[in-house]
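Hi,

Here is the structure I promised to pass on. Have a look through it first, and my notes follow underneath.

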Amino acid sequence: MARTRLTPERENELYTAVLDLLGEVGYEALTMDAVAARTRSSKATLYRQWGSKAELVVRALRNNKPVHLAEVDTGSLRGDFQAVLALSDDCQMEKNSALLRGLSHAVHTNPDLFQALRELLIEPEMTGLAKLLQRAVDRGEVRPDNPALSYVPHMMIGAFAARELVEERPVDRQFLIDYAESVVFPALGV
């Protein structure tokens, strides 16, 4: 699909509007008409740029991430984890968690949303995490046969889900640092 190049500023403006609308009305009620009105765009332009509501929403979420895991390399797994968290903001983390919780319901009835989330958000994150963990193995910080390696994504996703359910509090940086120090690093032998 040929896409006319938007300036980074305009693209960020559109993504911000999409995430604001998503937070206000939820995925099901979010329409391309509403996005077009909010962003002073035409619906045709939105479809030409993104193809579907699902792709637009997921690309907005992806754009909103402060850091991509594969890009972080401080020389140690603990340092990489701390660097990722240092680039995160507690308020933004809370907002993103709320948006993803809302989308978790919508994926069950929207296969296109599920597919976009897998392709554009989940798989790149899993690939980045795998690279980050592989560097730790290559440096000798983690044994290559450690069975916990394949469960790190599950542990991290579980931390996000469980905090809300168990404590009725959003995930923040301090919780994730404590969780990594208490659960993830010991499981990996770090």
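**Two odd loop residues**

Let me start with Arg40, which counts as exposed because its relative accessibility is 64%. This is a predicted model, by the way, so please read everything below in that light. Arg40 sits in the loop between helix 2 and helix 3, and its phi is positive, about 55°, although Arg40 is not a glycine. Glu168 tells a similar story: its phi is near 55°, again a positive value in a residue other than glycine. You'll find Glu168 in the loop between helix 8 and helix 9, and with a relative accessible area of 69% it is exposed.

**The chain as a whole**

What is the chain built from? Nine helices and zero strands, so if you walk along from the N terminus you just read α-α-α-α-α-α-α-α-α. The C-alpha trace spans about 55 × 35 × 30 Å along its principal axes. Of the 190 residues, 40% count as buried. If you take the contacts with a separation of 6 or more, 68% of them are between residues 24 or more positions apart.

**The annotated stretch**

The unreviewed UniProt entry carries a "DNA-binding region" annotation on residues 31-50. In the model that stretch is 80% helix and 0% strand, and the C-alpha atoms at its two ends are 13 Å apart. Helix 2 covers residues 32-39, and Arg40 is in the loop that comes between helix 2 and helix 3 (43-50).

**Helix 1 and its two partners**

Helix 1 (residues 8-29) packs on helix 2 at an angle of about 125°, and the axes are 10 Å apart. The two are therefore oblique to each other, and their crossing is right-handed. On the helix 1 side the residues involved are Arg10, Glu13, Leu14, Ala17, Val18, Asp20, Leu21 and Glu24, which meet Ala34, Val35, Arg38 and Thr39 in helix 2. That contact has six nonpolar, one polar and five charged residues.

How does helix 1 pack with helix 6 (residues 90-106)? The angle there is about 25°, with the axes 9 Å apart. That makes helix 1 roughly parallel to helix 6, and this crossing is left-handed. Here Leu19, Asp20, Leu22, Gly23, Tyr27 and Glu28 of helix 1 meet Lys95, Leu99, Leu103 and Ala106 of helix 6. By class, the helix 1 and helix 6 contact comes out at six nonpolar, one polar and three charged residues. Asp20 is worth clicking on, as it is listed in the contact with helix 2 and also in the one with helix 6.

**Helix 5 and a buried aspartate**

Which residues of helix 5 (residues 77-86) are buried? They are Leu77, Gly79, Asp80, Phe81, Val84 and Leu85. What covers them includes helix 7 (111-138), helix 8 (152-167) and helix 9 (173-188).

Asp80 is the one I'd zoom in on. It lies in helix 5 and counts as buried because its relative accessibility is 0%. Leaving out residues up to four places away in sequence, Asp80 touches Val72, Asp73, Thr74, Gly75, Leu132, Arg135 and Arg139. So the list of residues touching this buried aspartate includes two arginines, Arg135 and Arg139.

Cheers

How values were computed: Residues are numbered from 1 along each chain as its sequence is written. This is a predicted model: local features need pLDDT of at least 70, side-chain atom pairs count only at pLDDT 80 or more; totals for chains, interfaces and linings use all residues. Side-chain values use heavy atoms; hydrogens and water are left out. UniProt positions are given in the numbering used here, feature names are shortened, and annotations may be inferred rather than shown by experiment. Helices (H or I, at least four residues) and strands (E, at least two) are DSSP runs, numbered from the N terminus. Axes are lines fitted to C-alpha atoms, for helices over the stretch in contact, and angles run from 0 to 180 degrees between N-to-C directions. Angles under 35 degrees count as roughly parallel, over 145 as roughly antiparallel, 65 to 115 as roughly perpendicular and the rest as oblique. A crossing is left-handed if the near helix is turned anticlockwise from the far one by less than a right angle, and right-handed if clockwise. Contact means heavy atoms within 4.5 Å. Ala, Val, Leu, Ile, Met, Phe, Trp, Tyr, Cys and Pro count as nonpolar, Asp, Glu, Lys and Arg as charged, and the others, Gly among them, as polar. Buried means under 20% relative accessible area, exposed over 50%, partly exposed in between (1.4 Å probe, protein chains only).
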